[in-house]
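Colleague: I am new to this structure and would like to learn how to read it. Could you take me through some features, beginning with the general idea each time?

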Amino acid sequence: MTAEPGPVPNLPLRERPFDWFFIVVFSLFTITSLISDMLPTLGVDISQPSANFFVNSNYWYASDTDPLFMEPPVWMRIVTGLSAFVYMPFYILLVISLVRGWNWIQLPSVIYATMISTITGIIVFGVEFFGEPEWQTTNPVKFLAFNLPYVLIPIVLLVRMRKPEPFTRRF
């Protein structure tokens, strides 16, 4: 009689080099959620230059690029609120999970990647490119440079987390 094989051990982080990419990117996403998405969610006016670094940074981005972000309707504040209060804590947990190899993060990662790709890809991009004229981007290149990573990188994460026990394999 043959013994059943035991569970496959997780690979150490040094053997999962692509996970370093995710660690860096989602650490940056944590910061951008705090700096950018928190302000419109809390109703901070970013429609004018300001002495406040965070307000001025958002003004610099939105003034010639993103009228929807600059003067967000209530539904857009809900979208930024998801980023500030749901995605940001998830990013922190994801980074810790990537470093420690916590396989249980697989299902939350799939849920997150599906949600943000849908919300950002369809709703935000749809409005910014094909919606009402007052919400359409006036600078598509800058808009895509800042926003496309929030669609593409979660899709790559979705591929990374496509099977249970993601940290038992390199990718």
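Colleague: Is E165 buried or exposed?

Modeller: We sort residues by relative accessible area: buried is under 20%, exposed is over 50%, and partly exposed lies in between, using a 1.4 Å probe and protein chains only. E165 has a relative accessible area of 43%, so E165 counts as partly exposed. E165 is found in the segment after α7 and has a positive phi of about 60° although it is not a glycine.

Colleague: Before we go on, what kind of model is this?

Modeller: This is a predicted model, where local features need pLDDT of at least 70, side-chain atom pairs count only at pLDDT 80 or more, and totals for chains, interfaces and linings use all residues. Residues are numbered from 1 along each chain as its sequence is written, and side-chain values use heavy atoms, leaving out hydrogens and water.

Colleague: How far apart are the C-alpha atoms of V8 and E165?

Modeller: They are separated by 8.6 Å, although V8 and E165 are 157 residues apart along the chain. V8 is found in the segment before α1 and is exposed, with a relative accessible area of 56%.

Colleague: How do I read helix α7?

Modeller: Helices are DSSP runs of H or I with at least four residues, strands are runs of E with at least two, and both are numbered from the N terminus. The expected span of a helix is 1.5 Å times one less than its number of residues. Helix α7 (residues 149-160) has 12 residues and reaches 16 Å from its first C-alpha to its last, close to the 16 Å expected.

Colleague: Which residues of α7 are buried, and what covers them?

Modeller: The buried ones are Y150, V151, I153, P154, L157 and R160. Their cover includes α1 (17-41), α4 (74-100), α5 (106-130) and α6 (140-147).

Colleague: And how do α1 and α2 pack?

Modeller: Axes are lines fitted to C-alpha atoms, for helices over the stretch in contact, and angles run from 0 to 180 degrees between N-to-C directions. α1 and helix α2 (residues 53-62) pack at about 85°, with their axes 10 Å apart. That makes α1 roughly perpendicular to α2; angles under 35 degrees count as roughly parallel, over 145 as roughly antiparallel, 65 to 115 as roughly perpendicular and the rest as oblique.

Colleague: Which residues make that contact?

Modeller: Contact means heavy atoms within 4.5 Å. I35, S36 and L39 of α1 meet F54, V55 and N58 of α2.
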